[in-house]
Amino acid sequence: MVEIITLLWNGFAIAFEPVNLMLIIGGCTVGLFIGAMPGLGSVNGVAILLPLTFLVPPTGAIMFLAAIYYGAMYGGAISSIMLGIPGASTAVATTFDGRPLAKLGMADKALTAAAVASFVGGSISVLLFTFLAPPLAHVALRFGAPEEFSLMMLAFATFIGLGGDDIPKTIFSICIGLVLAAVGLDIISGEPRLVFGNITGFLHGINFLVLAIGIYGIGEMLWTVEEHYKAGGKSMMSDAVITVQRTMANLKELLGTWKTALMGSFLGYFVGILPAAGATPGSLMAYGIAKQISHEPEKFGKGAVEGVVAPESANNAASTGSMLPMLTLGIPGSPTTAILLGGMVIWGLEPGPRLFTDHADFVWGLIASLYAANFFAVIINIAFIPAFIWVLKLPFTLLAPIIFVLCLIGGYAPTQDMHDVWLMIIFGIVGYLMRKLDYPLAPAVLAIVLGPLAEPALRQSLLISSGEFSIFFTRVYSAPIMICALILLFLPLLKPVIRLVGGRKTARR
Amino acid sequence: MRKAEFVMAAVMGIFSLYLMWKSAELPVGWIPEEGPGGGAWPFWLSAVMLICCVLILINWYRRKTPPSQSDEVYMDRGTTVAVGLVAGSLIVTVALFYVIGVYGALPLFMIFYVRYLGRHSWPATAAMAAIAPVATFFFFDIALKITLPKGLPIIEETIFYPLYKIFL
Amino acid sequence: MIHSRRKLLGLGLALGVGLAAFGLPKTAMAFEPQKPIEFVVMAGKGGGADKAVRFMQSIIAKHKLAPVPVTPINKPGGSGAEALVYLKQKKGDNHTIMFTLNSFYTTPLRQPALGVNIENFTPVARMAEDTFCLWVNSDRKDINSVDDFVKAAKAKGKDWIMAGTGKASEDNLLTDFLNSAYGLQMKYVPYKGGGKVAKELAGNNANSTVNNPSEQLGFFEAGTTKPLACFTPERIGLFKDAPTFKEIGKDFVYFMQRTVVGAPGMSKDAASYYQGLFTKVFNSEEWQGYMKKKALQGDMLSGSALMDYWKRERDIHKQMLIKMGAIKG
């Protein structure tokens, strides 16, 4: 314990060297803006700026990239709340309540909640990271395909109540998302599948962002165009105002959500540690659980602050968590950490169990920089909130073309393929038409995120077990997760039974 | 609205059938000792989609859901024009990416939207049309080094080669 | 359709401008890139090939070897099919290069419908050859040689799990070789990416792998996994104790190329420019250090020597795929 604190103290001494401090602040700011662009997330930010880091020593370089990673996690919430477009899969859950809040004229509240929750998630996870690293790394290593599939089942189960009232339409939406996720290459048989019309663009599959920007960006904007037209050209994206008084009231209200924030932080951190999971399932599960434990679950999806706090605390906690297997095992927990890993190799640092002893300066400098990056990111983020609110007050006919341009370029940038831009427009128009008929579309977006993780894990597991489903129930880590998932899945079916039994009792009394 | 509900469910039902047929290019059954084949996942999920479409149609027939009860017009004339113009302009803009590139198409889109649809003043329009491509160029092409489509080669050679020389 | 119309229009415009610019001194000088060089990666962000490309990009940037930036583009679809078709369509382009692995041979062989003939591509530079070893978890104290391994795998029959990257990939070819050479029935389970495969072995979720040394290095140094033998002509410096398969009586050597390819029909000047550029990268201190650290082998090859190497390797892969039953003869 004392040893850890001494090491951390030395780490802070490194992180607060003027050059490193500037790199951290610069990284947070750059990351914030990259994350706030629809279509660009931490992966793009880190990948693109990687070559720049050769100008500074490795410790400074990793601090810069980690700060970008952190900043982008904060920034992702901004486009989710303001535009309703998740910039990255990690910010999908933030749209569910962030956007309704903005529409109710409380964008300032949602943005503040996101920033503060991110700070809580980041801080708690860094503390956990500091004191609980090596034992958890071993759990992460034991996670194989069966555990991954069980985890995905759990993520689905926590989301069961998310759809609309129309059950066939909700199930349709989930299934279409899962089917679209299967487009591309089937890694188990090595064969291409669902390559419509032999168009090569389908070979790389349908990127989650194409569907998300299509539905939430183009589709949502067309919907707003209709509302705008029906309101006689008077609608605005949000009529939030920001004053010191309101901010204080918002912060006060946030204090009441501390339980949700704590739950999100712990959950996000532990899910983030697991290889291949990363921040997305963590934030989705945090949202689902927040809804289930809430006293007012009906407010979720219509502008509940907890609905912003839970996923935002979880995704920041998970981004720290996913650094753990990267540093200790050399396994990336998310695509972004995979690139960070590449960077470390280039700088001549071999990640793995020996990194903590061989390069203590580097590791503890990084950990200290996470504390610092978290601190600066929340300050920078809050400082920019008035500017974001001002942007939302622009007339709709000025803001709309800007958002459309962001969508078009955001659809192109990740893969640099025009095919994806066309696909996005098709999804946007079809999504708009379906939305008018009360088809819930959020389940489709979630399904396309989780599908590519769930299907290979299921089939790898069955391949290992020669087709026996018992593999999910006989392994140490898989069994409890799978049982939890099944209980949660069947809870809605059991509820009427429980109520029936409970009802009888009261009747008898 | 009622008619639209029927058409959408029918079209999606047909689409589900197409997906099932397309998935069946790979084995959709259970391979002994290996588990499901390569096409099983999309095939059976598409089958569930088909069932959902049938259920939606049953609900439509029994007038159970709000859209199947509503006599409102699905897309009235004004909405069709307003949404159609926006969607159409997006499609034209993307098509223009191939010819005059992002940096030619963006100002045109801005002029159309801000001036024609938004009825803002010419100075406001000009400012938007100028700022959009310049900001995009410096953020994507220069700062992030993500090369956006430039259209025909001749445009890139005459306009952008000198710009690359200066900024890259 | 769009493509051809685009070309036609371009030709017309080019003629017009060409006439207008008539009389200006023609740049008959050596080729210099005028716009950012597109570096196509046959794999997704964060994979082994992607990391290597971003490393080369950084070497070029650090030593200012090119006047324009090199921008990596990921085309991960269909085991390289998407990247190959993309490059094929870039015929005559002087600013597009690609980084390839062995799917450069296997994908066109397995998917003839793509219409890709690798002989049309422009050979730029083979930067290295990656090697393969047979790995098991160090917990298996009973397995210290290939003989022990064969005994253990035979005992488990079909329940012996060999993890690898994708179907009909390098790992799959090697698994098939081991199965037929030693009469085994190991079950091959495909995963996404070599890093993931390495982790499955370290976590005891697979019984063995045929990873590249670089993928297992972290675990090897921590004592979690160990190499039993390598598919190389000579022992690898890092693993002095692991014999080659040649030494133990199975003459099988297998490499994975890490090569830079240019678009088909690239001009001669451009091709020699890129050959020069990547020779500089190859000779840089960073690249040499990287090769040593990652146990990469092979000299730099370019031009017709590289083309001959491709043809030879393609024929070898064709034979292996036929034997495996993945393609017909």
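User: Which residue of β10(C) stands opposite C:I97?

Analyst: In this predicted model, local features need pLDDT of at least 70 and side-chain atom pairs count only at pLDDT 80 or more, while totals for chains, interfaces and linings use all residues. Residues are numbered from 1 along each chain as its sequence is written, and chains are lettered from A and ligands numbered from 1 in the order in which they are written. Strand β10 (residues 256-262) of chain C pairs with β3(C) in the antiparallel sense over four bridges, where strands are DSSP runs (E, at least two residues) numbered from the N terminus and two strands pair if DSSP finds at least two bridges between them. Within this pairing, the residue opposite C:I97 is C:G262.

User: In β3(C), what is the bridge partner of C:F39?

Analyst: Strand β1 (residues 37-41) of chain C is joined to β3(C) by four bridges, and the two run parallel. The bridge partner of C:F39 in β3(C) is C:I97.

User: How many of the five residues of strand β3 (residues 96-100) of chain C are buried?

Analyst: A residue counts as buried if 20 or more other C-beta atoms, placed from the backbone, lie within 10 Å of its own. In a regular strand the side chains alternate between the two faces of the sheet. In β3(C), C:T96, C:M98 and C:T100 on one side and C:I97 and C:F99 on the other are all buried, so that both faces are covered. The number of buried residues in this strand is five.

User: Which are the edge strands of the open sheet in chain C that has the order β7-β6-β8-β5-β9?

Analyst: This open sheet has five strands with mixed pairing. Inside the sheet, strand β5 (residues 133-137) of chain C and β9(C) pair in the antiparallel sense over five bridges, and C:L134 has C:A229 as its bridge partner in β9(C). Each edge strand pairs on one side only, and these strands are β7 (187-191) and β9 (225-230) of chain C.

User: What is the radius of gyration of chain C?

Analyst: Chain C has eleven helices and ten strands, helices being DSSP runs (H or I) of at least four residues. The globule rule, 2.2 Å times the number of residues to the power 0.38, gives 20 Å for 329 residues, and the value for chain C is close to this, so the chain is as compact as a globular protein of that length. Taken over C-alpha atoms, the radius of gyration of chain C is 22 Å.

Note on methods:
A residue is buried if 20 or more other C-beta atoms lie within 10 Å of its own, exposed if 12 or fewer, and partly exposed in between; C-beta atoms are placed from the backbone.
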